[in-house]
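These are my notes on one helix and on the sheet that I examined together with it. I went through the elements one by one and recorded what I looked up.

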Amino acid sequence: MQRVFRFYSDDLFIRATSVISTPVVKAMCEVQKTGPLATMALGRAVTGAVLMAAQLRDKQVVGLHFRGNGPLGSVYTEASYEGECRGWVDQPDASVPLKDGRIDVASGLGIGLLNVIRSQPFEKAPHIGTVELISSEIGDDIAYYLHQSLQIPSVISLGVILSPTGEVEVAGGVLIELMPGATEGVISSLEASVASAASLSKLLAEGKGPDALLKNYTGSIKMNPIEHPYEIKYSCRCSADRVERSITMLGREEVQNMVDERRDFEVRCEFCGRTYLIGLTRLEEILAGFAQMN
Ligand SMILES: [Zn+2]
């Protein structure tokens, strides 16, 4: 079972999450039918979301919306504290020339913004933070958000390794956050071990697990594991109910326009591709619901 591993340092100034995310990246990219560039971008993004979500609380969800002007268009992914995740990409078969022999995610995303959406149950509106894409490589953009919006300095490394034919071989990542009040001593010892770390891709290719991935960056700093017993899994929570609710949210005028067309509507979930048929009769009921509200 794949899960996110969480750790704290003895003085509680450093907290970290580490994960091998291969199965969820594979599942998501299969559903989204991504080419190598989109696989790389979506794989890094969902790994980042899973690492961030494990530091939230029960039932909370974090969404990462990368809105660049490159050929990939938007990349969106979300993960819950309990490890459920899903995502989509505008242009799954976009491609750009290799850069130094590597897939060039930065050019694929282009310049733009990152919206980070944090939602919790029983809260009407989610909290949305926005930062510029500073590198468009995904990991650095998340770190920039953490620093700008939450004042948390962090080290984040996300890796997706593809086979020569573009399939996901292994994916994983590490997120290390410095909590407020960390002393100079803590900061400099972390900086020193990060500076001497091996590349994450190398460790992933060697089949290293979450413990070893973290230790690569924290070195001799003692990190204590804490329980986080949730399996990470790709899953879409879409349902006919949710689709109807989103139609209601379009507002009365829009629903009236749909009814005026005198036909059934097919709504496709952009996450998982499932389609829902909303019949004319149901649309009329939704419209009648607006009348009752007034
Ligand atoms: Zn769905």
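Entry 1, helix 4. I began with the span of helix 4 in this predicted model. Helix 4 has twelve residues, and I found 16 Å from its first C-alpha to its last. At 1.5 Å a residue, 16 Å is expected, and the span is close to that. I then looked at the residue that follows helix 4: this is Q151, with a positive phi near 55°.

Entry 2, burial in helix 4. Which residues of helix 4 are buried? I noted G139, D141, I142, A143, Y145 and L146. I next asked what covers these buried residues. The cover includes helix 2 (36-53), strand 6 (112-119) and strand 7 (127-132), as well as strand 8 and strand 9. Helix 4, residues 139-150, lies across strand 8 and strand 9. Against strand 8, I recorded that helix 4 runs at about 160°.

Entry 3, the sheet. I turned to the sheet that contains strand 8 and strand 9. It is an open sheet of five strands in the order 8-9-2-1-10, with antiparallel pairing. Which strands form its edges? They are strand 8 (154-162) and strand 10 (223-226), each of which pairs on one side only. On average, neighbouring strands are turned by 15° against each other, direction ignored.

Entry 4, strand 2 and strand 9. I looked up the pairing of strand 2, residues 14-20, with strand 9, residues 168-178. The two strands run antiparallel and are joined by seven bridges. Within this pair, L178 of strand 9 stands opposite I14. Helix 1 (residues 22-32) packs on the sheet, where I found it touching strand 2, strand 8 and strand 9. The direction of helix 1 makes about 120° with that of strand 9.

Entry 5, strand 1. How many residues of strand 1 (residues 5-9) are buried? I recorded four of the five, and strand 1 is thus noted as mostly covered. On one side I followed its pairing with strand 2, which is antiparallel and has four bridges. In that pairing F7 stands opposite A16 of strand 2. Strand 1 and strand 2 form a hairpin, with four residues between them. In the turn I noted L12, whose phi is positive at about 65°.

Entry 6, strand 1 and strand 10. I finished with the pairing of strand 1 and strand 10, which is antiparallel over four bridges. Here S9 stands opposite M223 of strand 10.

Terms used:
Residues are numbered from 1 along each chain as its sequence is written. This is a predicted model: local features need pLDDT of at least 70, side-chain atom pairs count only at pLDDT 80 or more; totals for chains, interfaces and linings use all residues. Two strands pair if DSSP finds at least two bridges between them. Axes are lines fitted to C-alpha atoms, for helices over the stretch in contact, and angles run from 0 to 180 degrees between N-to-C directions. Two residues are in contact if their C-beta atoms, placed from the backbone, lie within 7 Å. The expected span of a helix is 1.5 Å times one less than its number of residues. A residue is buried if 20 or more other C-beta atoms lie within 10 Å of its own, exposed if 12 or fewer, and partly exposed in between; C-beta atoms are placed from the backbone.
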